[in-house]
Amino acid sequence: MASVKFQKASRVYPGGTVPAVDAIDLEIADGEFLVLVGPSGCGKSTTLRMLAGLEEVNGGQILIGDRDVTNIPPKDRDIAMVFQNYALYPHMTVAENMGFALKIAGVAKEERAARVLDAAKLLDLEPYLNRKPKALSGGQRQRVAMGRAIVRKPQVFLMDEPLSNLDAKLRVQTRTQIASLQRRLGVTTVYVTHDQVEAMTMGDRVAVLKDGVLQQVATPRELYETPKNVFVAGFIGSPAMNLLQLPIVEGGVQFGNTVVKIDRAVLSKTNAKLVTLGVRPENLVVSGNEGISVEVDVVEELGSDGYLYGSATIDGAHHELVSRVDGRDHPHKGDTVFLTPAGGIMHLFDVETGERLN
Amino acid sequence: MHVIDLVARKTTWEIIAPNLITLISGLVAFAALVVLIFLLAERTSVKAQEWVKYLVFLVPALALLIIGLIYPAARTILLSFMNANSEEFVGVENYIWAFTRPEILQVLLNTAIWVFVVPTVSTFIGLVIAYLTDRMKSAAVVKSLIFMPMAISMVGASIIWKFVYDYEPSAKKVDIGLLSAISKGLGMEPPNWLLENPLNTFLLIAVMIWIQTGFAMVVLSAAMKNIPDEVVEASMLDGASQLKRFIQITIPMIRASIVVVLTTITIGTLKVFDIVRTMTGGNFQTNVIANEMYTQTFRSLNYGTGSALAVILFLGVVPIILYNIKQLRLERTER
């Protein structure tokens, strides 16, 4: 077990000029569960593969523990990886798949069998040890892939969207299992996903990437409550945060027919006449006649809660807004309602740089 | 001259025309027959259509199989138990002849050497080249060069290699043999290559390997491309070195293709005829079963012994095909 350090690590694909991963600085503590999240093509998988040694590092360094592994081949890095499609060896049984790395490492047969059995017990794979991957279900294959990683007791676990090939229910279940397993084993883990719900529920910390650039690394709560910029604000949270560009007026920001009070010190950080105001759906409430006038397009009922999707026109520009409403008692399609931020929970961003102001 | 030319041309056309008409009318008749059968089949009741369907599609294929394969096979087996002009039964005499005559034993031994050496060596070389060129840039150039001999006819290949093995005893004449040149360069007096037994058999075998390696490489390289990148990467992370990956991941994962290549080449080698016929004519103890079969049947006009050799050849192929089928079944447990 060890910590992992990225020091200005970059990757430029041959023939490309724009780096797929651009000078990433990231420290992952020993035993930590770090999730890399971002939209597709943001470089999260490339970052993981650089750590694995499957992708060349064109600039900077990567350290595992105190060892510089930048130019060390994957086989010598003592890393285990779980692939999206599991990458099991089709010609080997479950036991052989799980014991392959130990066999290569020259571990004695008895010890190998014992360690495979331990991992199999942990993952409920005992009855399947003599089967080949083809005779397993998707969920079982996923567990074999996990088992193959666990058996080795590596320094670092890498997981590249290991749940994306499972059905929705199994995904939620396995999500919890992986998280608790990781905590029990205490192995440093880097987990890649495009699903921000997975990122929020599993990670000790979450690193958000966009276009190969690290946007923010923080605990899930921090990411949710104080996103560093507009991208993180919009990416984390489901449904996404409402982001509106609104004019700055005396004492605050013009929000429909009212003025939302904002500290002068905050607004003085920007020179622009507009500011990006972010409000999460749960903080945007239906009020009597204050705020932005919205025509209700649809209300999604999710049982206890509902999400109201509406459209508004502010200064001639069309905006879509989402607000969380009561699941039973809510406005209906076609109604016109006023929405206003509640409890003063707002996120303000510079219109030009997208950086957080408050 | 001009007149003769004109007459010749006219006669040529006169010969072609009736044949062409026969051909076209034959095709039309066949098409009409097919249409007729389908029309009739369509008119039967829904219940009857179930088996009419099988009948319509199976009967032509079955008929062709019987005429082209099963009947000749049965007749060959029958002839192998009869005498030279197929007039009386002689029991297993032809087989006793095949397994006791020293020159035929030499033929069987040579065939055994061919069947052992050609598939193993060409598959091995093909496998190594496929692995070395796998995921390599501009591998296509290398691969097409190695695949090229496959496109040359065996007779053509034999003639090319005859030049390589050429022997010129007279010092006055130009020696064009490449192999002779090499051995002279190494300070050795070249022998008359194709006369030296058992060397000559191996020289002929080299030609077949030259042809078959390309085939092995292309098939195996396609199979290697089918191995998912992730599996290769997983094995890298599991700590496997290049060689261990080749032996423990690549080879088992393309085993089915290796078996297909091995068996295909084995069967092709069992039937080898052109190379021997072209290069030595089966002389100088290089004879193989297919060539001897030809000699017995069409030179000596002994249908009995010829057929017996054909049956022996057939029996040699059977176990290989059975093994092939078994391996393909095994493969299904993995994919």
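This is a short walk through a predicted model with chains A and B.

Start with chain A as a whole. Its C-alpha trace spans about 75 × 45 × 35 Å along the principal axes. Its secondary structure comes to nine helices and 20 strands. Of its 358 residues, 42% count as buried. Now take the contacts in chain A between residues at least 6 apart in sequence: 66% of them join residues at least 24 apart.

Chain A is divided into two domains. Domain 1 covers 4-226, and domain 2 covers 239-349. Their C-alpha centres lie 39 Å apart. Chain B is also assigned two domains, with domain 1 at 2-79 and domain 2 at 96-331. In chain B the C-alpha centres of the two domains are 37 Å apart.

Go to the start of domain 1 of chain A. Val4(A) lies in strand β1, residues 4-11. Is Val4(A) buried or exposed? A residue needs 20 or more other C-beta atoms within 10 Å to be buried. Val4(A) has 24 such neighbours, so it counts as buried. Which residues does it touch, leaving aside those up to four places away in sequence? They are Ile28(A), Leu51(A), Ile64(A), Val156(A), Thr188(A) and Val190(A). Leu26(A) is 22 residues from Val4(A) in sequence, and their C-alpha atoms are 8.1 Å apart.

Val190(A) leads us to the largest nonpolar core. This core has 148 residues. Those with the most contacts inside it include Val35(A), Val190(A) and, from the other chain, Leu220(B). Helix α8(B) gives the largest share, 12 residues. Look at Val35(A) more closely. Beyond its sequence neighbours up to four places away, it touches Tyr191(A), Thr193(A), Ala199(A), Met202(A), Gly203(A), Val206(A) and Ala207(A).

Next, see where the chains meet. The contact takes 19 residues from chain A and 18 residues from chain B. On the side of chain A, β6 (79-82) and α2 (94-104) each supply at least two residues. That side has 14 nonpolar, two polar and three charged residues.

Now follow chain A through some of its loops. Lys153(A) sits in the loop between α4 (138-151) and β7 (156-160). Lys153(A) is not a glycine, yet it has a positive phi of about 50°. It has 15 other C-beta atoms within 10 Å, so it is partly exposed. Glu161(A) comes in the loop between β7 and α5 of chain A. Here too a residue that is not a glycine has a positive phi, of about 45°. Glu161(A) is partly exposed because 19 other C-beta atoms lie within 10 Å.

Helix α5 of chain A follows, at residues 168-185. Its length can be checked. At 1.5 Å a residue, its 18 residues should span 26 Å, and its end C-alpha atoms are indeed 26 Å apart. Just after this helix, Gly186(A) takes a positive phi of about 65°.

Move on to the loop between α8 (230-235) and β11 of chain A, where Pro239(A) is found. A cis peptide bond joins Ser238(A) to Pro239(A), with omega about -5°.

Strand β11 of chain A has two partners to look at. With β14 of chain A, residues 274-279, it pairs in the antiparallel sense over six bridges. In this pair, Leu243(A) stands opposite Gly278(A). Two bridges join β11(A) to β12(A), residues 252-255, and these strands also run antiparallel. There Ile248(A) has Val253(A) as its bridge partner. The hairpin of β11(A) and β12(A) has two residues between the strands, and Gly251(A) in it takes a positive phi near 90°.

Finish in domain 2 of chain B. Helix α11(B) runs over residues 255-270. Its 16 residues should span 22 Å at 1.5 Å a residue, and the end C-alpha atoms are 22 Å apart, which agrees. Its buried residues include Ser257(B), Ile258(B), Val261(B) and Leu270(B). What covers them? The cover includes α4 (102-133), α8 (199-225) and α14 (303-331) of chain B.

Helix α14 of chain B also holds Val318(B). Val318(B) has 9 C-beta neighbours inside 10 Å, so it counts as exposed. Its C-alpha atom is 25 Å from that of Phe202(B), which lies 116 residues away along the chain.

Key. Residues are numbered from 1 along each chain as its sequence is written. Chains are lettered from A and ligands numbered from 1 in the order in which they are written. This is a predicted model: local features need pLDDT of at least 70, side-chain atom pairs count only at pLDDT 80 or more; totals for chains, interfaces and linings use all residues. Domain bounds come from an automatic or database domain assignment. Two residues are in contact if their C-beta atoms, placed from the backbone, lie within 7 Å. Helices (H or I, at least four residues) and strands (E, at least two) are DSSP runs, numbered from the N terminus. Ala, Val, Leu, Ile, Met, Phe, Trp, Tyr, Cys and Pro count as nonpolar, Asp, Glu, Lys and Arg as charged, and the others, Gly among them, as polar. The expected span of a helix is 1.5 Å times one less than its number of residues. A residue is buried if 20 or more other C-beta atoms lie within 10 Å of its own, exposed if 12 or fewer, and partly exposed in between; C-beta atoms are placed from the backbone. A nonpolar core is a set of buried Ala, Val, Leu, Ile, Met, Phe, Trp, Tyr and Cys residues joined through C-beta atoms within 7 Å. Two strands pair if DSSP finds at least two bridges between them.
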